[in-house]
Amino acid sequence: MSKPYIGVKNGRLSDCPKSPNCVSTQAEQEEKKMTALAFSKDLETTKSVIKEVLSEMERTAVETENENYIHAVVESKWMKFKDDVEFYFDQEEEVVHFRSASRVGYSDFGVNKKRMKDFSEHYESMRREIHDV
C-alpha cells in the first residue's frame with residue numbers, strides 16, 4: 001500500500017491505512033467509515049461553518065486551504081503528536097468528505113473517531129441554526 005497523501009486526488013482523500021488510527025467518509029472499512037456532512041446553503045457558507053468549528057477546537061491550526069479543500073493539523077495535549085484532519089468539498093454531491101488520521105503510531109484509542117463525531121455534531125447544530133434563520 002502506498003504512503004497516504006495529503007490532499008485530494010480524483011475526488012478522493014487518501015485511503016485510511018490498515019491501522020485503527022484513522023476515520024474517513026470515503027473509507028472502505030466499515031469500522032473507519034463515517035457519514036459525510038451535507039452542505040450548508042452553498043460552498044462559501046459551508047466552508048465558513050467548517051472553519052468556525054475548526055477555530056473552536058483546541059491545538060488546531062489550518063495548514064492549507066483552497067477552493068474545495070481544507071487541511072488542518074491537531075496537536076495532542078501531552079505527547080504533541082500531530083493528526084491530520086482534511087475536508088474535501090464535493091460541489092457535485094454537495095457534501096463535505098473528511099478524513100482524520102494520526103501521523104504516527106498504531107492505535108489512537110478512538111481519538112480520531114471521537115474528534116470527528118464531535119466535529120460532525122457541532123457542524124450540524126451550526127448548520128441547523130443557519131437554515132432556521
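**From the largest pocket to helix H2**

The lining of the largest pocket holds eleven charged, eight nonpolar and six polar residues. The model is a predicted one. The pocket has a volume of about 510 Å³. Its lining counts 25 residues. Nearest the centre of the pocket lie Ser-76, Asp-83, Asp-108, Val-111 and Arg-115.

Which elements each supply at least two residues of this lining? They are E6, E7 and H2. H2 gives the largest share, four residues. The helix is therefore a good place to go next.

Helix H2 covers residues 111-132. It has 22 residues. From its first C-alpha to its last it reaches 32 Å, close to the 32 Å expected at 1.5 Å a residue.

Several residues of H2 are buried. Asn-112, Arg-115, Met-116, Phe-119 and Ser-120 are among them. So are Tyr-123, Glu-124, Met-126 and Arg-127. Arg-115 appears twice in this account: it is buried in H2, and it is one of the residues nearest the centre of the largest pocket.

What covers the buried residues of H2? The cover includes helix H1 (43-55). It also includes the strands E3 (22-24), E4 (37-38), E6 (69-75), E7 (82-90) and E8 (95-102). E6 and E7 thus return here, after supplying residues to the pocket lining.

Glu-121 also sits in H2. Is Glu-121 buried, exposed or partly exposed? Glu-121 counts as partly exposed because its relative accessibility is 44%, between the 20% and 50% cut-offs. Its C-alpha atom is 10 Å from that of Val-53, a residue 68 positions away along the chain.

Technical notes: Residues are numbered from 1 along each chain as its sequence is written. This is a predicted model: local features need pLDDT of at least 70, side-chain atom pairs count only at pLDDT 80 or more; totals for chains, interfaces and linings use all residues. Side-chain values use heavy atoms; hydrogens and water are left out. Buried means under 20% relative accessible area, exposed over 50%, partly exposed in between (1.4 Å probe, protein chains only). The expected span of a helix is 1.5 Å times one less than its number of residues. Contact means heavy atoms within 4.5 Å. On a 1 Å grid over the protein atoms alone, a cavity is a set of points where a 1.4 Å probe fits but cannot get out, and a pocket is an open set with protein on both sides within 12 Å along at least five of seven lines; lining residues have an atom within 4 Å of a point. Grid points are joined across faces, edges and corners, and a volume is the space filled by probe spheres set on the points. Ala, Val, Leu, Ile, Met, Phe, Trp, Tyr, Cys and Pro count as nonpolar, Asp, Glu, Lys and Arg as charged, and the others, Gly among them, as polar.
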